[in-house]
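Reader: Please take me through one part of this model in detail. Pick a helix and its surroundings, and give the cut-offs as you go.

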Amino acid sequence: MKQFTSLLALLFFLAPAVAFLTQSPPRQRSACFAKKGRQNNVPKPLPSGPPAQDISVPDDTSMEELLAVMGEKRLKKVARKNRRVRNQKIREGKVVLNEKGEWVPRE
């Protein structure tokens, strides 16, 4: 009887431990947890459209009309890009400041 009780106690304590030691088959993930969209390390595709030099704006266009068409964020982005390009040309010495205070190509 003592052996039976000790054997029963041993099984009672070892059964949960064995459950953690055995490997369960890998679970299939459902589609709702799969990564969606573009991966982070893949470069973005280049924008398609006319280059900036091909886009012409009429001379009588006001700033309000540009804001309405392009939006404030887009105009800020264009201004930052133009400043960045201009500053790079200044550092390289390709442009100089004339007497009117305008940056012009070096002659």
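Author: What follows is a close look at helix α2 and its surroundings.

The model is predicted: local features need pLDDT of at least 70, side-chain atom pairs count only at pLDDT 80 or more, and totals for chains, interfaces and linings use all residues. Residues are numbered from 1 along each chain as its sequence is written, and side-chain values use heavy atoms, with hydrogens and water left out.

Start with the frame. The protein chain has three helices and two strands. Helices (H or I, at least four residues) and strands (E, at least two) are DSSP runs, numbered from the N terminus. Their order from the N terminus is α-α-α-β-β.

Now α2. This helix covers residues 63-70. Among its eight residues, the count of buried ones is zero. Buried means under 20% relative accessible area, exposed over 50%, partly exposed in between (1.4 Å probe, protein chains only). In the protein chain, buried residues make up 2% of the 107 residues.

Glutamate 65 lies in α2. It counts as partly exposed because its relative accessibility is 45%. Asp59, Asp60, Glu64 and Glu65 form a negative surface patch. Such patches take residues with over 30% relative accessible area and no salt bridge, like charges being joined within 9 Å. A salt bridge is a side-chain nitrogen of Lys or Arg within 4 Å of a carboxyl oxygen of Asp or Glu.

Just after α2 comes glycine 71, with a positive phi of about 95°. Helix α3 takes residues 72-92. Its end C-alpha atoms are 30 Å apart, which agrees with the 30 Å expected for 21 residues at 1.5 Å a residue. The expected span is 1.5 Å times one less than the number of residues. Glycine 93 follows α3, and its phi is positive, near 80°.

Methods: Patch = residues over 30% accessible without salt bridge, like charges linked within 9 Å, V, L, I, M, F, W, Y side chains within 5 Å. Areas by Shrake-Rupley, 256 points an atom, 1.4 Å probe, with all protein chains shown as cover. Lys, Arg positive; Asp, Glu negative; His and termini not counted. Charge placed at Lys NZ, Arg CZ, Asp CG, Glu CD.
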